[in-house]
Amino acid sequence: MSKETIRVPDVGSSDPVDVIEVSVKKGDNIAAEDTIVVLESDKASLEVPAPKGGTVLELLVKAGDRVKQGDPLLELDAESGNDSGDQDADDDQKAGASGDSEDQEAGRSDEKGEQEDEQERQKDSQKDSQKENEQSDKAGDDASTPKGGGSAGGGEQAVKVPDLGDIDEAEIIEISVAEGDSVEAEQTILVLESDKASLEVPSPAAGTVKKLHVKVGDKVTGGSEMMTLATEGGDAPGDDEKANGRQEAEAARKPAGDDKAAKGKQPTAEQSSGKSASKSASKSDPRPAPARREGQPSKTVHAGPAVRKLAREAGVDLAEVSGSGPKDRIVKEDVHAHIKNLLERRASGGGVSADLPEIDFSEFGPVERVALNKLRKVAAKNLHRSWITVPHVTQFDEADITELEAFRKSQNKALEKEGVKLTMLAFLVKACATALREFPRFNSSLELGGEALIQKDFVHIGIAVDTPNGLVVPVIRDADKKGLKEIASEMGELAGKARDRKLSPADMKGACFSISSLGGIGGTAFTPIVNWPEVAILGVSRSDTKPVWDGKAFQPRLTLPLSLSYDHRVIDGADAARFTTYLSTLLADMRRALL
Ligand code: CAO
């Protein structure tokens, strides 16, 4: 391990550039080629990769700083073995080989002098090669020069992939125009991507896209022909050539690198036409959108390769992400925030709404937006989770409660003095507790992954309570061991606490099965949602006196509608029918519960 200072490479400009993203933090273990910062000038953005792996000891810049070539970015406790190129610590290592501190100093300054010379030489050679490129384009290749166009009348121009610097080959990841589109000079026409750089290729001139010679997914090299542009009258060929030259010069920017630096390691310019791209995109004709490869943004966006890769891996369309960086550039945090937002919307009942269009209801009449309270939001989230998790089936049945109701009324008269009211719900809790012991599958939960059932040896029953603030489900514990009076008084207490918002989280935990009674309100049947991780819920509707055939005549019988929803992964339909039949039999004669 050795301490190295990682510095700003040649960013193709002597002016300071903005640090728009710091992609690592102190203490991070990074690998060689991990992006450490993203820099941006007016025309290009660069992802600066780590020249070698190691631990970040100190960050020497922050987002918003302005830096220029040679400024320190961070200190790295570098892993030995990988050559980093011309960094300070490399110098230390080289100098340290002498084993003498004075020699080390001397070695360092000698090395620095050599580095500076080398950097100058490389800059010169870059300039030369740019000139050569421009000249060779101007001189030779027909395709790169305007065809049949005079300086006043316009013509055709072959638009080529600019010089890609160190990059052998890049993939076309977006094509931002379609044949027939009008484009402005500098408007992004396509986006290329290599391992470490993305490059927005601007149109060299204004005109109309006559022919596209490439498609998304094609691999191209510098000089490959991309499209034929029918240029507008006023654009002199000379101007076009200059624009092509500018384009290549921009793309040719690369840091003054050590020759040892591997190809693709060096940050390469990502040109950006920024606002002009979106401006002209919105101006273009309403033609079919250009081809889009799966995982690529549905419109041109301003983002670096690391962010694009993250978006592809997470299945995020960058076109839907708001960029928080300069010029609306999308940074990694924006992608993370977008994913978090989507997940939260899904979890809070917006799972489907994430894909639904926003509707402006005020178009149809006056509206008011009423914010949901926390209780309703939590209930919505839980109900939605249950709805999408549990394959629901509802079994309907009726219980003859004629005798039970008569018994309940008579007991209530006797219990008046004790201040206890036996409600029908108390009998239902007792009957369900007995049925759960008889049918233990209903008293279980499905293990995550669906490999096993967790069978419970306790019977806690949740009761849905309607309150002005929303639905809550307090729990009566060990209902199988409690008498009717105890259940009735506990239920009254819990319902009171629910309405006074005094239930504690513990009061609402651990239910094995729930009952939702709408009998006091009305209705003949409904399909309650299983309260996951429970596997069944009993819905109770309003009892009614019905004529029931006893084999000789119709008899008036008080019947109670039951709606049992269950998780079909755990409970078979036949078992559900057995359960409600058993329950009806119990309610018809509660003495059976004593057996
Ligand atoms: N059939 C006919 N009448 C019924 C009945 C039924 N199934 N259930 C209750 N009643 C009657 C009661 O007998 C009582 O009448 P009396 O005062 O004349 O005796 C009246 O309706 C009111 O009963 P209650 O509702 O106060 O008492 P309860 O024990 O039956 O219910 C509670 C308590 C907390 C369950 C209830 O107040 C409640 O909140 N219900 C709504 C639950 C809910 O919202 N479920 C939906 C969940 S999500 O889909």
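Trainee: What makes Gly 551 stand out in the hairpin of E28 and E29?

Mentor: In this predicted model, Gly 551 takes a positive phi near 105°. The hairpin of E28 and E29 has four residues between the strands.

Trainee: How do you know that strand E28 and strand E29 pair?

Mentor: Two strands pair if there are at least two bridges between them. Strand E28 (residues 544-549) and strand E29 (residues 554-567) have six bridges, in the antiparallel sense, so they count as a pair. One of the matches puts Val 548 with Gln 555 in E29 as its bridge partner.

Trainee: Which other residues take a positive phi, glycine or not?

Mentor: Gly 315, just after H5, has a positive phi of about 70°. Then there are residues other than glycine: Asp 478 has phi near 45°, and Arg 501 has phi near 60°.

Trainee: Why is Asp 478 called partly exposed?

Mentor: Buried means under 20% relative accessible area and exposed means over 50%, with partly exposed in between. Asp 478 is at 26%, so it counts as partly exposed. Its place is the loop between strand E25 (475-476) and helix H10 (484-499).

Trainee: And what makes Arg 501 exposed?

Mentor: The relative accessible area of Arg 501 is 62%, and exposed starts over 50%, so the label fits. Arg 501 sits in the loop between H10 and E26.

Trainee: What about a cis peptide bond: where is it, and how do you know that it is cis?

Mentor: Look at the bond from Trp 532 to Pro 533: omega is near 10°, and the bond is cis. Pro 533 belongs to the loop between E26 and strand E27 (536-540).

Trainee: Why is the pair of Phe 513 and Phe 579 called tilted?

Mentor: Start with the search of the whole structure, which finds seven aromatic pairs. Phe 513 and Phe 579 are 5.9 Å centre to centre, with 40° between the planes. Rings pair if their centres lie within 6.5 Å, and planes under 30 degrees apart are stacked while those over 60 are edge-to-face, so a pair between those limits is tilted. This one links distant parts of the chain: Phe 513 is in strand E26 and Phe 579 in helix H11 (residues 573-588), 66 residues apart.

Trainee: Are those two rings buried or exposed?

Mentor: Buried. Phe 513 has a relative accessible area of 0%, and Phe 579 also has 0%. The cut-off for buried is under 20%, so each of them qualifies. They also belong to one aromatic cluster with Phe 439, Phe 442 and Tyr 582.

Trainee: Let's turn to the ligand. What makes the contact with Ser 516 a polar one?

Mentor: A polar side-chain atom of Ser 516 lies 2.9 Å from a nitrogen atom of the ligand, and a polar contact needs a pair of N or O atoms within 3.5 Å, so this one passes. An oxygen atom of the ligand is also 3.3 Å from an N or O atom in the side chain of Lys 421. For Arg 408 the value is 3.5 Å, again from a ligand oxygen to a side-chain N or O atom.

Trainee: How much of the ligand does the protein bury?

Mentor: Taken alone, the ligand exposes 960 Å², and the protein buries 67% of that. The elements giving two or more residues to the shell are strand E23 (465-467) and strand E26 (513-517). In total, 19 residues surround the ligand, and the closest are Asp 466, Arg 499, Ser 516, Ser 541 and Ser 543. By class, the shell has seven nonpolar, seven polar and five charged residues.

Trainee: Why is strand E17 described as largely enclosed?

Mentor: Five of the seven residues of E17 (residues 225-231) are buried, so the rest of the structure largely encloses it. Strand E15 (residues 207-212) pairs with E17 in the antiparallel sense over five bridges, and Val 209 stands opposite Leu 229 in E17.

Trainee: One more: what makes E1 and E3 edge strands?

Mentor: They belong to an open sheet of four strands, in the order E1-E8-E6-E3, with antiparallel pairing. Strand E1 (2-7) and strand E3 (29-30) each have a single partner strand, so one side of each lacks a neighbour in the sheet. Elsewhere in that order, E6 (residues 54-59) and E8 (residues 72-78) are joined by five bridges, with Gly 54 opposite Ala 78.

Conventions:
Residues numbered from 1 in each chain as written. Predicted model: local features only at pLDDT ≥ 70, side-chain atom pairs only at ≥ 80, totals over all residues. Heavy atoms only, no water. Buried < 20%, exposed > 50% of the residue type's maximum accessible area, 1.4 Å probe, protein only. Near = heavy atom within 4 Å. Polar contact = N/O pair within 3.5 Å; in protein donor to acceptor, adjacent residues only side chain to side chain. Areas by Shrake-Rupley, 256 points an atom, 1.4 Å probe, with all protein chains shown as cover. Nonpolar A, V, L, I, M, F, W, Y, C, P; charged D, E, K, R; others polar. Phe/Tyr/Trp six-rings, centres within 6.5 Å; stacked < 30°, edge-to-face > 60°.
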